[in-house]
Amino acid sequence: RTDLDKCIIEINHGKVLGSLGGLSGGPVFTWRKLSEITYAEVTGFIIEYQSKLDLLFIRSSNVLNRNGTFIK
């Protein structure tokens, strides 16, 4: 669940900006831990957000080719 009212957007040394636009196409990460190293792995992409229901729809990255087309 994403509570956008509580999100803080901070970029460029503390300057707070307004809306950065839509969420569609944004990456979704899963944090993985390999021994002592923690890294972010891209596991999907945002395809739609419905603000009235606070629903975020994500497409798994394993159904996409590198060029963005669907795997058949």
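**Exercise 1. Is Ile47 buried, exposed or partly exposed, and what is its relative accessibility?**

Let's take this predicted model one step at a time.

- Step 1: start with the number, which is a relative accessibility of 43% for Ile47.
- Step 2: recall the cut-offs: buried means under 20%, exposed means over 50%, and partly exposed is in between.
- Step 3: put the two together. Ile47 counts as partly exposed because its relative accessibility is 43%.

**Exercise 2. Find the strand that holds Ile47, then work out which residues form a nonpolar patch with Ile47.**

- Step 1: look along the chain for strand β4, residues 37-50; that's where Ile47 sits.
- Step 2: now check the surface. Ile47 joins Leu53, Leu55 and Phe57 in a nonpolar patch.
- Step 3: add the size of the patch, which has about 340 Å² of accessible area for the four together.

**Exercise 3. Describe how β4 pairs with β5, and say what happens in the turn.**

- Step 1: find β5, residues 55-60, which runs antiparallel to β4 and is joined to that strand by six bridges.
- Step 2: pick out residues that face each other across the pair. Gln50 stands opposite Leu55, and Glu48 stands opposite Phe57. You've already met Leu55 and Phe57 as members of the nonpolar patch.
- Step 3: go to the turn. The β4-β5 hairpin has four residues between its strands, and Asp54 there has a positive phi of about 55 degrees.

**Exercise 4. Which strand pairs with β4 over eight bridges?**

- Step 1: go back along the chain to β3, residues 27-34, which pairs with β4 over eight bridges, again in the antiparallel sense.
- Step 2: spot the facing residues: Leu34 is opposite Ile37 of β4.
- Step 3: check the link. This hairpin has two residues between the strands, and Ser35 takes a positive phi near 50 degrees.

**Exercise 5. Zoom out: how many helices and strands does the protein chain have, and what share of its residues is buried?**

- Step 1: count the elements, and you get zero helices and five strands. Read from the N terminus, that's β-β-β-β-β.
- Step 2: turn to burial: 7% of the chain's 72 residues count as buried.
- Step 3: finish with the surface. The chain's accessible surface comes to about 6500 Å², and carbon and sulfur atoms hold 55% of that.
- Step 4: for contacts with a separation of 6 or more, residues 24 or more positions apart account for 13%.

Note on methods: Residues are numbered from 1 along each chain as its sequence is written. This is a predicted model: local features need pLDDT of at least 70, side-chain atom pairs count only at pLDDT 80 or more; totals for chains, interfaces and linings use all residues. Side-chain values use heavy atoms; hydrogens and water are left out. Patches are made of residues with over 30% relative accessible area and no salt bridge: like charges are joined within 9 Å, nonpolar side chains (Val, Leu, Ile, Met, Phe, Trp, Tyr) within 5 Å. Accessible areas come from the Shrake-Rupley method with a 1.4 Å probe; for residues, only the protein chains shown count as cover. A salt bridge is a side-chain nitrogen of Lys or Arg within 4 Å of a carboxyl oxygen of Asp or Glu. Buried means under 20% relative accessible area, exposed over 50%, partly exposed in between (1.4 Å probe, protein chains only). Two strands pair if DSSP finds at least two bridges between them. Contact means heavy atoms within 4.5 Å.
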